[in-house]
Structure formats: C-alpha cells, structure tokens
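Biologist: Please take a close look at a single strand and tell me what surrounds it. A connected account would suit me better than a list.

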Amino acid sequence: MNNEIVQYLRKEMFPNIWCPGCGIGIVLGAMLRAIHSIGWEKDEIVMVSGIGCSSRITGYVDFNTMNTTHGRALPYATGIKMANPSLKVITVMGDGDCAAIGGNHFIHAARRNIDITAIIINNMIYGMTGGQYSPLTPTGKIGTTAPYGNIDQCFDLTSLAVSAGASYVARSSVFDVIQATRFIKKAFLKKGFSVVEIISDCPISFGRINRMRTPAEMLEWIKSITVPKNKWEKLTPEEKEGKLPTGEFLDINIPEYSKNYQEVCIRAQQGGKDK
Amino acid sequence: MSEKKRLEKILQGNEACVEGAILAGVRFFAGYPITPASEIAEGMAQRLPALGGVFMQMEDEIASMAATIGASLAGAKAMTASSGPGICLKQENIGFAAICEVPCVIVNSQRGGPSTGLPTKPAQADVMQARWGTHGDHPMIVLSPSDVTEVLNITIKAINFSEKYRTPVMLMLDEVISHMREKVIIPPKEEIEIIDRKKPTVVKEDFLPYKADDDLVPPMANFGSGYRYHVTGLVHNEKGYPTSNNKEIDYLIRRLTNKVELNKKDIILEEKYLLDDARVAIVAYGSVARAAERTVKLAREKGIKVGLLKLITLWPFSDDTISQLASQVDLIVVPEMNLGQMVREVQRAAEGKCRVISYSRVDGELINPLEILAKIEEEGK
C-alpha cells in the first residue's frame, strides 16, 4: 500500500468489511491522496457518513469521524460546520443514502451552498442489504426488489446538484481514478457546496444479478457507459441512452452559507437595522 | 432576596424557554416551524446571532435534530424544539444522540395527537413517547415545568443535565405553558449554576473516547480539539469502534441506562405540597400540577386532607417517593391530559399499598381544580 496514504488510516480497524472487488476502497484511496496533496492536518478534518457500505469509510480514517443515521450525513455535517466553520467538513454517501432517504438534505445543502464536500459513491444498488434497487439503478437492470427489471427512472445527481445551487459539481468513476482524485481535490478546496459523484462497482450485489460476475467485468461495463462530457454532448438522444457523462459540470464562486451567516451576526450585533 | 435588583419580565412560556437556554449557554439552535413551538425558533433567530451563536431553520425536523447533534459534537451547547408530529420525526436521531452520548436538549411543546391532532390545544399524551420514543434500551431524562418561571429555570436544568450526563434531555411543555404569559424573575448570571461537559485530561495518545469515569460518564472531546475519534450509532467499544463482542455490547447498553439510573438523586426534581398529614395525594405534572395545587387548597377548606406531589422530572421516575407516599395515604389520584399514562408508573411504584386512580381529560381543554376535587370526593364516598 502507498505509504503517503497509510498515515491517514486507523490500522487497527483493518481488515475492512468490503467485499473483494468493491470500488469503495478505490474512492477511499482517491480521497486520501487528495487530502495528502492539499496538506490538511488530520485534526481539522471532519468526515461524516450515513448508512451503507460506503458509510463505513469513516471508521477507517484517522480524522474526526462520524457514522450517522441513514441519509442524514449532510444535516449532521451542517451542524458541525456551522458550530465551527474552521473545520474541513467532508461527507461520504452511497447512492441510496444520498439520493433516496437523504435526497431532501442533499438538495437543501446545495441550496444553502454551505462549505461541505459531498462524495457520492454510486454503485447503483443497495449493497449492504443485499441488492435492492436504488434511485440510481439504471432502468431495466435487475435488483432483488426489481426481479423483473427496474422500471424507475434514475436521478441525474449532477444535474440535480447544479440546479439546486451547488458551487462545484463533477462526475467520475473508479475506472478513472486519476480523474476522480483530481475532481475530489478541487471539490475539497472549493468554498461552497461541492459534489463529486463517483460511479463504482458492486460485483456482489449488483454484478452477479446483472450478469457481470467479476469485478473486471463490472469495471469494463463502467468504462463502456461513462462518456467524457464533451463527447457526450455530441451524441444523439438514442446514443445517450444508458450512458453517463463524466467531467466537471459546474465550477463557480458564489456566496457561501457560513460566511453569509457571519454577516447576519454582524447585522444583529449592530442592532439589526442597517446592512 | 439579595440587594441586587432582579430583572422582571412578562414572558410567554416559549420566550422563557429561549431566555433559559441562552442563560445556560445554548449557542446553537436548529428547528423547523411547528405549532405550538414556533416562538422558540423565532426567539432563537432573534437572539442568537447577536451572541455569535447559530440559528438554523432546517429543511425538516429530522435535519434539525441531526444538525443539533452535529453542532454539539463540534462543541456548542445545542437545542431544538418541536411538537408531536415533529418529535416523531426526530426519534431516530434522538437514539443516535443517546448511544453516541451527545449532549442536546429537545423541547416538546405538546399538542393533542395522534397525527396532526390538535395543533392549538394542550395535551400530555407524549410522556411515554418521551421515554420510549426511539427504539432500543436507552437512557432518557425528561423534565416538565408547570409555570413560566419554572420553564426558564428548568430549561437551564435541562441543558445542565444534558452536559453533565452526556445524554439527550427532553423538556416537556404544552400548548398552554408555551403560550401563557406570566411575570418571570430572571436570575442574575452569577446565581445560575452552569454545568459544562467534562473534557478529557489524558494525553491524546491515551484518549479512549468512550471510557467512562466512576460516574459512568466519559469525558467528551469536541471535534477539532485535537482528540480525533470515531462516533458511530453502531454499538461500540471504549475506543468508539463498532463491536460484536458480547461483553462490550452488554457493558455499553447497561452503562448508558445506568449513568442516569444511578444518578437519580441528582436528576429527580419534585415538589411536595401539604403532604405531611395527607390521606389523599394528587400526583401531577406540567400545567395540571397548577390546577392540582388549587385543588389541595379547596379540599382542605372542606376538611379533606389532600396533598400534592408535583413531578418536575418525569423520567427517571420517582419510584421511591411514590412508594413512601403509597404507604402513607389511602388514595392517589393522577390527573393527566391523556388517557392515563403516568398513572401506570404510579401504580407500579405504589406496589398495591394504596388505591391509585386516574383522572383523564383528552378533549383539548385543561383540567380544572374543581374536576379533580370532584373526583376525590366521589372516590371518598
């Protein structure tokens, strides 16, 4: 294992609980490389997760960490950030965690543009509970609760985040870990709500039931469905079917919530009248 | 009374709750609009920014509870407030605060239920939910003031208990207590006891985040203070890491409850009124306790020896006091604005030593003193 990231791990917590071939470890490595290259101190980082396979990440990293309730990583993180804005607050969520049970919190965190990074590990399935379909399971794929094929449309989380008011929005995959690491680093450094969705593989709960039994087959599939944004834009609607654009969708600088709140405090201290 | 001129104000119950919380050091509040608790959020929105504190109106009740717990972990004394429907939504995260031992106060301004129920009318039907609303064995401290001055003082107590015992504390108001206006004497700061959470004293390398002291409460490090640790809603060991070791599981679950149960003497607040020679005792709490006090006077004018035990702390329950009382009196009457919730606890603690009866009202109206008196007279025939 790469020495530069080992220092950020709680070694006594290993071995980890993830299945062989799972993509979550790749995302964990990408996040730690991003943190290392920024040079943040461990003491100033708070990493918050919800519930699911991806949420176990927080147990393995040597920061101030929290493994909260299902879907609620963002409101917990919001309380932390507002009580101590000097902390670097990162949330890690899965697709069910973020887009289903936590969907409301996700759009409102974006609306506030609070300085929190949301890393969403999208393996398109509820992995920990055994393969039920999620809001990001592609239409037509099989889940244990969609045995005849999923008829739901899935969310485009990046479009959702852009329209809800985030500052930085990007999508990458575990197949393109160099790009993923670059986006994660930019997201960490962005003052505002930043979102990086990373398409990940779940060979056990998604792959086996969808005829991609090995991690390699799943990664090949991820490679085949992800298309760089500039190429994707030139595709016909039929060609876009079943494909996901990758790249950066938004990178802007707009007023950030905890900063805005400081203005509120100043206004209140001056008697509440003049802005 | 001290020489110092005391500050007197006419306050609504919800306003007194805001004053008490701010005096106790609350500097973070997250809430969501709901009748009859909204004035607490409005008061916090007005007051906290000038104090450098944080008020946040969140997207829902669940987020309000989560943000409150997050802020507490980052070092703020934190509070949220709601009513029945909102309290239902907060329950999962209240359990998180209990198992992770994060100090926080939840105000429940009770209205009639179930569901949307009676938003503008009082009830006391959430007292069992307050104790057992979140799943699993867990500790809970629940306090119930009965007038506006008491709202202020008991809010301070609630914050103090949450900090001292590292546990969620629920403060039970009701629609009438929340909206009633009374003269409140605000104590000067130097007369208010403020309790802050214990901080770790060991070097960082030796820090075990869930290793309890003799009082069963572990010292608490704030996020960002240099003591890095893991907080998880999974059952965890002293290191804060998830465990499936039977001994570690058993130790945590018992310790969580015992840290409250073994400190009952400190936590139980109750008031006795004319009980010494009583043959009949009224056990009451919240706004009903005020009516009951009047009942005692009216009964004594008629020559009936009635006394009152007013419960301020509802949970942990006053087992010992009720047991002693049951040995002394012939009858205990428990008037409640519900179909008889705390009366079952009174019956359990009385162990059959006297008759215990319920007087219920669930029509959205307060119980008045004459009703309780009529019940006592009827039972005495």
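Modeller: In this predicted model, B:G112 of strand β5 (residues 104–112) of chain B has B:L118 as its bridge partner in β6(B). Strand β6 covers residues 118–122 of chain B, and two bridges join this strand to β5(B), with the two running antiparallel. The hairpin that β5(B) and β6(B) form has five residues between the strands. Within that hairpin, B:S115 takes a positive phi near 55°.

The other pairings of β5(B) described here are parallel. With strand β8 (residues 168–174) of chain B, β5(B) pairs in the parallel sense over seven bridges. One of the residues to follow here is B:Q110, whose bridge partner in β8(B) is B:D174.

Strand β4 (residues 77–82) of chain B also pairs with β5(B) in the parallel sense, over four bridges. Here B:M79 has B:V105 of β5(B) as its bridge partner. To get from β4(B) to β5(B), the chain passes through helix α4 (residues 84–100) of chain B. This β-α-β crossover is right-handed.

How much of β5(B) is buried? The strand is mostly covered, with nine of its nine residues buried. A residue is called buried when its relative accessible area is under 20%. In a regular strand, side chains alternate between the two faces of the sheet.

To sum up the neighbours, β5(B) pairs in parallel with β4(B) and with β8(B), while β6(B) runs antiparallel to β5(B).

Key. Residues are numbered from 1 along each chain as its sequence is written. Chains are lettered from A and ligands numbered from 1 in the order in which they are written. This is a predicted model: local features need pLDDT of at least 70, side-chain atom pairs count only at pLDDT 80 or more; totals for chains, interfaces and linings use all residues. Side-chain values use heavy atoms; hydrogens and water are left out. Buried means under 20% relative accessible area, exposed over 50%, partly exposed in between (1.4 Å probe, protein chains only). Two strands pair if DSSP finds at least two bridges between them. A crossover is right-handed if, with the strands pointing away from the viewer, the path from the first strand over the helix to the second runs clockwise.
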